[in-house]
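Got your viewer open? Let's take a walk through this model together, one selection at a time.

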Amino acid sequence: APPGQGKSYTAMAWAVCLMYGIDRIWPLPDTRIPLYINLERSAESMQGRLATVNKALGIDPRSPLPFLNARGRSLSDIYESAKRTIDQFGCGVGFYDSISRAGGGGSMVADDVANKIMDMMNALIPTWVAIGHSPRADASHVYGSQMFTAAADVEVQLKAQQSHDKRSTGLGLSVE
């Protein structure tokens, strides 16, 4: 989805549900400790968002979620730190926010850059969710190389329903 549609909040809600076994939004076969890798926002912003998500899900707003906050860094910059954090917490799923910021080594439309990002994500943790922004003029796919789509087992498109005043009033997820 385009920026500002709710991708990060949705991914965070999914991670919290996995962490705490909350199955009111989507069915969960088990719980897993997630690692939320934040390449976009400040740590303070993410803690505020987490408190909001926790409260919306009916748990203590101070309930923790393992984060790796690295605003403005690429996935290759934080790879070793991510490995250590995954080992430290025993994480079973990674949330990457976002692959649109993960490059660091070239253009996101270049196949070799996309393949490098996907290879790193797969090497860090076998089960992952990655947020990607859509191009400005076309919200039907993630921005960048077609290799992002080729590497995905499942793509889920987030669609926001907006009210007349342009505020998001509802979110939909569509498996592509």
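Which residue in strand 4 is the bridge partner of tyrosine 96? Select tyrosine 96 and look across: the partner is alanine 130. A quick word on what you're looking at: this is a predicted model, where local features need pLDDT of at least 70 and side-chain atom pairs count only at pLDDT 80 or more, while totals for chains, interfaces and linings use all residues. Residues are numbered from 1 along each chain as its sequence is written, and side-chain values use heavy atoms, with hydrogens and water left out.

**The sheet**

Now select residues 93-97, which are strand 3. Strand 3 and strand 4 run in the parallel sense, paired over four bridges. (Two strands pair if DSSP finds at least two bridges between them; helices are DSSP runs of H or I with at least four residues, strands are runs of E with at least two, and both are numbered from the N terminus.)

Zoom out a little: four strands make an open sheet with parallel pairing, in the order 2-1-3-4. At the edges, pick out strand 2 (67-69) and strand 4 (128-131), each of which pairs on one side only. From one strand to the next, the twist averages 10°. (Axes are lines fitted to C-alpha atoms, for helices over the stretch in contact, and angles run from 0 to 180 degrees between N-to-C directions.)

**Helices on the sheet**

Next, select 75-89 to see helix 3, which packs on the sheet and touches strand 1 (34-38), strand 2 and strand 3. Contact here means heavy atoms within 4.5 Å. The direction of helix 3 makes about 160° with that of strand 1. Then try 111-124: this is helix 4, also packed on the sheet, touching strand 3 and strand 4. Its direction makes about 145° with that of strand 4.

**Helix 1**

Jump to residues 7-20, helix 1. Is it mostly buried or exposed? Buried means under 20% relative accessible area, exposed over 50%, and partly exposed in between (1.4 Å probe, protein chains only). Here 10 of the 14 residues are buried, so helix 1 is largely enclosed by the rest of the structure. Color some of them, including Met12, Val16 and Leu18. Just after helix 1 comes glycine 21, with a positive phi near 70°.

**The whole chain**

Finally, show everything: the protein chain has five helices and six strands. Along the sequence they follow the pattern α-β-α-β-α-β-α-β-α-β-β. Of the 176 residues, 41% are buried.

Terms used: The expected span of a helix is 1.5 Å times one less than its number of residues.
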